[in-house]
Each structure stands twice: as structure tokens, then as C-alpha cells.
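Let's take a friendly walk through a protein chain, starting with the whole fold and ending with a few single residues. Have a look at the model first, then read on.

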Amino acid sequence: MKPDKILSLVGLATRAGRTASGEFCTEKEVKTGRAALVIVAGDASENTKKKFRDMCEFYEVPIYFYKDKDTLGHAMGKEFRASLAILDEGFAKEIMKQMKTEDNTVA
């Protein structure tokens with residue numbers, strides 16, 4: 001299995017203190033305008049996906065659905081995470097570039 005560049009970048013951003021995870025924190029960062037990118041787990045509930053899709057559309061924040069809760073959480077050194085916000089423009093741009101090359105779901 002090849003190393004996942006996106007998950008590595010999420011891990012780096014987390015160690016740099018440039019992520020917020022969990023529904024409440026992700027929502028707060030989107031609404032305050034600090035979120036540069038939102039990633040929601042592909043296995044999150046439909047309600048959660050719709051909530052973040054609508055919120056990100058309203059606040060004009062890019063959103064991607066990627067992998068699953070366990071994988072996202074593991075990349076951040078946590079148990080599991082349904083959503084996370086990348087707070088750094090540089091990390092966000094690189095992750096979006098990788099998402100496009102891997103052809104992942106854009107909300």
C-alpha cells in the first residue's frame with residue numbers, strides 16, 4: 001500500500017497546530033472564517049454531510065469527503081473524527097491538489 005499523501009499532510013497540519021477537528025470545532029472555524037478547507041469522513045451520517053455541505057457552500061469554504069472516520073482520526077493522532085478543518089492556506093492548497101489528482105468526491 002502506498003503512503004497516503006493527503007493523510008500525511010493532515011498529520012503534518014495537525015502537528016503544526018493548523019487543524020480543528022470534531023463537528024463543533026469545525027463548525028466554529030468555518031463560521032469565523034478561519035477554515036481554509038473542510039474534510040468530512042465518507043462514512044459520516046447523511047445529516048452531518050448535508051450540514052457541512054450547506055455550511056461550506058454558504059461560507060464559500062472548499063469541502064471534500066474522504067476515507068472514513070477511523071482513517072481521518074488516525075491521521076490526526078486521535079481515535080476517530082467525522083470532520084476536520086484545515087486552518088492554513090498552504091496546507092489546504094496542497095491537500096486540494098492531492099485530492100484532485102486522486103479524483104476524490106468534491107461536495
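## Contacts across the chain

In this predicted model, 80% of the contacts with a separation of 6 or more are between residues 24 or more positions apart. Keep that in mind as you trace the chain, and try picking out partners that sit far from each other in the sequence.

## The overall fold

What does the secondary structure of the chain come to? You can find five helices and five strands. Reading along the sequence, you meet them in the pattern α-β-α-β-α-β-α-β-α-β. The chain is as compact as a globular protein of its length, because its radius of gyration of 12 Å is close to the 13 Å that the globule rule gives for 107 residues.

To picture the dimensions, imagine a box along the principal axes: the C-alpha atoms fill roughly 35 × 25 × 25 Å.

## Inside and outside

Of the 107 residues in the chain, 47% are buried. On the outside, the accessible surface comes to about 6,000 Å², and carbon and sulfur atoms account for 52% of that area.

Now for the charges. The chain carries 18 positive and 17 negative side chains. The centres of these two sets lie 3 Å apart.

## A buried alanine in helix 5

Let's zoom in on Ala92, which is part of helix 5, residues 89-102. Is Ala92 buried or exposed? Its relative accessibility is 0%, so Ala92 counts as buried, the cut-off being under 20%.

Which residues does Ala92 touch? Setting aside neighbours within four places in sequence, Ala92 is in contact with Ala36, Leu37 and Ile86. You can also locate Ala13, which is 79 residues away from Ala92 along the chain. The C-alpha atoms of Ala92 and Ala13 are separated by 9.1 Å.

## Two residues with positive phi

Next, visit the loop between helix 3 (46-59) and strand 3 (63-66), where you will find Glu60. The phi of Glu60 is near 55°, a positive value in a residue other than glycine. Glu60 counts as exposed because its relative accessibility is 72%, and the cut-off for exposed is over 50%.

Follow the chain past strand 3 and you come to Lys67, in the loop that leads to helix 4 (69-75). Lys67 is not a glycine either, yet its phi is positive, at about 50°. With a relative accessibility of 44%, Lys67 counts as partly exposed.

Key: Residues numbered from 1 in each chain as written. Predicted model: local features only at pLDDT ≥ 70, side-chain atom pairs only at ≥ 80, totals over all residues. Heavy atoms only, no water. Helix = DSSP H or I, 4+ residues; strand = E, 2+ residues; numbered from the N terminus. Buried < 20%, exposed > 50% of the residue type's maximum accessible area, 1.4 Å probe, protein only. Rg over C-alpha atoms; globule rule 2.2 N^0.38 Å. Contact = heavy atoms within 4.5 Å. Areas by Shrake-Rupley, 256 points an atom, 1.4 Å probe, with all protein chains shown as cover. Lys, Arg positive; Asp, Glu negative; His and termini not counted. Charge placed at Lys NZ, Arg CZ, Asp CG, Glu CD.
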